[in-house]
Amino acid sequence: MHHSRRFGTHAAGVATKFGLKKLAMLVQVLTLFPRLINDFVALGLPRIAIEKGALSVQSVDLRGFTHDVHRTVDDRPFGGGAGMVLMCAPIVDAVEALEQDPQTLLQHGVAHRVLLTPRGRRLDQRKLRELAKVERLLLLCGHYEGIDERVRLAMPWDEISIGDFVLSGGEPAALALLDGVARLLPGVTGDPESTVHESFEDDLLEAPHFTRPREFRGMAVPEVLLSGDHAAIGRWRHEQSWLITEERRADLLQARAARHAATEGKPWIE
Ligand SMILES: C[S@@+](CC[C@H](N)C(=O)[O-])C[C@H]1O[C@@H](n2cnc3c(N)ncnc32)[C@H](O)[C@@H]1O
């Protein structure tokens, strides 16, 4: 089967004001459920990123890389136990086919491989920022009891978990990562400020937001936000961030303190 029929592609180029084409970040998702990926990127912010030419997403069906009539991707675990295990061959064949495609290699370079697994390093905003700089990502979604260990051993993977809980498949994890990266790509959110002053960007949780009306069921909007005094508003928001972080995520403040202490003894409270 030719690759183009195995891949669902959502892509767009971007014409800059100089008439040049800037290449989108390419995310290829290896999955048993390509529709989950395609439906997700057809809506919301990922769709905007694709339309603006910052992102291109390909869902790749693992079953397209099987060699039997039943398109088998899994088998029983050696040693016994519950559940099925995803076999090496379809995954490794798929990765190699994608990575050796000369056109993609030329346009997007070598893929940064990500394996979504509860055994991986926990995803955070810092990691998303790092991934948003990569030109090409290959995301592998596991299923059933997991993936034959030799897929890990055959080639290096950046193993990422989205939290200390177990999903039935890697797709929601891949989509969380994809969504988080898409909104950080240049030119995607209209206002670059919107990704700077939000939760986790400075190891702090975000201050609360309010919009109209000024009063709702007896609850008034904090006076300072109506004052027009931007310095005072900035101070209030910063203070609120500290308070809410102290209350809910003291661990973030500890990590922040440790990091600042390590950087030439610079003060960590500003
Ligand atoms: C049911 S899980 C397998 C869990 C495995 N038996 C274990 O205990 O680690 C099936 C697949 O879902 C994905 N998955 C589950 N939880 C995840 C998480 N917290 N982060 C990232 N991927 C996850 C992985 O791709 C995994 O291969």
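# A tour from the α3/α8 packing outward

Select helix α3, residues 44–51, and helix α8, residues 171–182: the two pack at an angle of about 55°, and their axes lie 9 Å apart. That makes α3 and α8 oblique to each other. Look along the pair for handedness: α3 passes α8 in a left-handed crossing. Now show side chains. On α3, pick Leu45, Pro46 and Ala49; on α8, pick Leu178, Asp179 and Ala182; these residues make the contact. Colour them by class: five are nonpolar, none is polar and one is charged. Keep in mind throughout that this is a predicted model.

**Zoom out**

Show the whole protein as a cartoon. Ten helices and twelve strands make up its secondary structure. The protein has 270 residues, and 27% of them are buried. Next, consider the contacts between residues at least 6 apart in sequence. Of these, 77% join residues at least 24 apart.

**The ligand**

Centre on the ligand and select its shell. It holds 20 residues. Label the closest ones: Leu116, Gly142, Leu167, Gly170 and Ala173. Which strand should be highlighted here as giving the most to the shell? Choose β8, residues 112–122, which supplies four residues. Then colour the shell by class. Nine residues are nonpolar, nine are polar and two are charged.

**Lysine 133 and valine 181**

Move to the loop between α6, residues 125–131, and β9, residues 136–141, and select lysine 133. Is lysine 133 buried or exposed? Count the other C-beta atoms within 10 Å: there are 11, so lysine 133 is exposed. Add valine 181 and draw a C-alpha to C-alpha distance. Lysine 133 and valine 181 are 48 residues apart in sequence, yet 9.0 Å apart in space.

**Strand β6**

Go to aspartate 75, which sits in strand β6. Within 10 Å it has 12 C-beta neighbours, so aspartate 75 counts as exposed. Which residues does aspartate 75 contact, leaving aside neighbours within four places in sequence? Select Met84, Val85 and Met87. Draw a line to methionine 87. It lies twelve residues from aspartate 75 along the chain, and their C-alpha atoms are separated by 6.6 Å.

**The loop before β6**

Step back to arginine 71, in the loop between β5, residues 55–61, and β6, residues 74–75. Check its backbone. Phi of arginine 71 is near 55°, a positive value in a residue other than glycine. Its surroundings come next: arginine 71 has 13 C-beta neighbours inside 10 Å, so it counts as partly exposed.

**From the cis peptide to β12**

Jump to proline 213, in the loop between α8 and β11, residues 215–216. Select arginine 212 with it. The peptide bond from arginine 212 to proline 213 is cis, with omega near 5°.

Continue to arginine 217, in the loop between β11 and β12, residues 219–220. Here is another backbone angle to inspect: phi of arginine 217 is near 45°, a positive value in a residue other than glycine. How many other C-beta atoms lie within 10 Å of arginine 217? There are 4, so arginine 217 is exposed.

**Proline 222 and tryptophan 236**

Carry on past β12 to proline 222. It is found in the loop between β12 and α9, residues 230–248. Proline 222 has 13 C-beta neighbours inside 10 Å, which means it counts as partly exposed. For the final pair, add tryptophan 236, 14 residues from proline 222 along the chain. Their C-alpha atoms are separated by 9.7 Å.

Definitions and conventions
Residues are numbered from 1 along each chain as its sequence is written. This is a predicted model: local features need pLDDT of at least 70, side-chain atom pairs count only at pLDDT 80 or more; totals for chains, interfaces and linings use all residues. A residue is near a molecule or strand if its C-beta atom, placed from the backbone, lies within 6 Å of it. Ala, Val, Leu, Ile, Met, Phe, Trp, Tyr, Cys and Pro count as nonpolar, Asp, Glu, Lys and Arg as charged, and the others, Gly among them, as polar. Axes are lines fitted to C-alpha atoms, for helices over the stretch in contact, and angles run from 0 to 180 degrees between N-to-C directions. Angles under 35 degrees count as roughly parallel, over 145 as roughly antiparallel, 65 to 115 as roughly perpendicular and the rest as oblique. A crossing is left-handed if the near helix is turned anticlockwise from the far one by less than a right angle, and right-handed if clockwise. Two residues are in contact if their C-beta atoms, placed from the backbone, lie within 7 Å. A residue is buried if 20 or more other C-beta atoms lie within 10 Å of its own, exposed if 12 or fewer, and partly exposed in between; C-beta atoms are placed from the backbone.
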